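Visitor: Please take me through one part of this protein in close detail. I would like to know what surrounds that part, and how far the model can be trusted there.

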Amino acid sequence: MALRAAGRQSLVDTVVEQLRAQVAAGEWKIGSRIPTEHALAEQLQVGRNTVREAVRVLVHAGMLRSRQGEGTFVVSMADPAEIMRGVQRAGVRDVLELRIALEAEAARLAALRHEPADLARMKAALDAQTAFEDPEGQPDSGNLELYADHDVEFHRAVVEAAHNTALTATYAWFSSSVREALVTALGDRDMPRIIHGDHHALMDAIASGDPEAAARAARELLERPKQAVESLLAES
């Protein structure tokens, strides 16, 4: 099936989107070679340089792979960047469910692999967070984003204490969604407040070196807001 011709004012991004859509739709199967640069340029009615740049973008994204002297081949039908954008648009419940999966395992590994500097970083984040609380110990309504920043820093410290490069990289991609969902939850009166005791319990479990206790503390910390979200969704 021929590609839809791009309009006269199309740029590299337009061609990227068309090629991405063709790959995602299975126009070329995984492992197969896509048409040549010349053929794509003719089909899309754009210059070969535009096609070359668009293909380079999809190679960098991990959907295509170029082999010297052989051509360019499909290696994935899904664009990781698109997947991450989908995660960033996910609702608070979806974010919490993924956080439980990631952070429980991170806490388990952190209990086994943490260093003194990791625990110091967790404590510093919690201490800094208290500066943005009101007299009742709740987040100051005028500083919700700063409060959220320190909470995210605590959880990133937990994840990075696992000393797992892949887990750290995954959470780094995901942390913007964590922050966005947290700010949303902090501004919702029906959502439970952050309890420092839960955070200190997680830090203490990691410090104890008990991997199961650490994983359990991580789950318990996030289960409460997740259950609150589920209750609110059930009422809506």
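Guide: Start with the order of elements. Read from the N terminus, this predicted protein chain runs α-α-α-β-β-α-α-α-α-α-α-α. That makes 10 helices and two strands.

The part to look at closely is A107. This alanine sits in helix α5, which covers residues 92-113. Is A107 buried or exposed? A107 counts as buried, because its relative accessibility is 0%, and the cut-off for buried is under 20%.

What does A107 touch, once residues up to four places away in sequence are set aside? The list is V158, L202, I206, A214, A215 and A218. Two of these can be placed on named helices. V158 falls within α7, residues 144-160. L202 and I206 fall within α9, residues 196-208. E212 belongs in the picture as well. A107 and E212 are separated by 105 residues in sequence, yet their C-alpha atoms are 8.7 Å apart.

That long reach in sequence can be set beside the figures for the chain. Take the contacts between residues at least 6 apart in sequence: 69% of them join residues at least 24 apart. Buried residues account for 39% of the 236 residues.

Now the overall form. The radius of gyration is 23 Å, whereas a compact globule of 236 residues would come near 18 Å. Along the principal axes, the C-alpha trace spans about 65 × 40 × 30 Å. The accessible surface is about 12700 Å². Carbon and sulfur atoms hold 51% of that surface. The charges number 26 positive and 36 negative, and the mean positions of the two sets lie 10 Å apart.

For contrast with A107, turn to some loops. G187 lies between α8 and α9. This glycine is exposed, because its relative accessible area is 53%, and exposed means over 50%. G187 also has a partner far off in sequence. S141 is 46 residues away along the chain, but 7.7 Å away in space, C-alpha to C-alpha.

T36 occupies the loop between α1 (12-24) and α2. Its relative accessible area is 53%, so T36 is exposed. From T36 to R52 is 16 residues in sequence and 9.9 Å between C-alpha atoms.

Two further loop residues deserve a check of the backbone. Most residues other than glycine have a negative phi. Q45 is not a glycine, yet its phi is positive, about 60°. Q45 sits in the loop between α2 (37-44) and α3 (48-61). At 59% relative accessibility, Q45 counts as exposed. H163 also has a positive phi, near 50°, without being a glycine. The loop that holds H163 joins α7 (144-160) and α8 (165-186). H163 counts as partly exposed, because its relative accessibility is 40%.

Last, the trust question. The mean pLDDT of the chain is 86, and 91% of the residues score at least 70. Residues 1-10 are a weak stretch, with pLDDT below 50. Beyond near neighbours in sequence, residues 1-10 still have 18 contacts in the model. Among the helices, α6 (residues 116-129) has a mean of 96, where confidence is highest. Confidence is lowest in α4 (residues 80-88), at a mean of 60. Where pLDDT is low, the predicted coordinates should not be read in detail.

Back to the part you asked about. A107 is a buried residue of helix α5, and its contacts include V158, L202 and A218.

Methods
Residues numbered from 1 in each chain as written. Predicted model: local features only at pLDDT ≥ 70, side-chain atom pairs only at ≥ 80, totals over all residues. Heavy atoms only, no water. Helix = DSSP H or I, 4+ residues; strand = E, 2+ residues; numbered from the N terminus. Rg over C-alpha atoms; globule rule 2.2 N^0.38 Å. Buried < 20%, exposed > 50% of the residue type's maximum accessible area, 1.4 Å probe, protein only. Contact = heavy atoms within 4.5 Å. Areas by Shrake-Rupley, 256 points an atom, 1.4 Å probe, with all protein chains shown as cover. Lys, Arg positive; Asp, Glu negative; His and termini not counted. Charge placed at Lys NZ, Arg CZ, Asp CG, Glu CD. pLDDT = per-residue confidence, 0-100.
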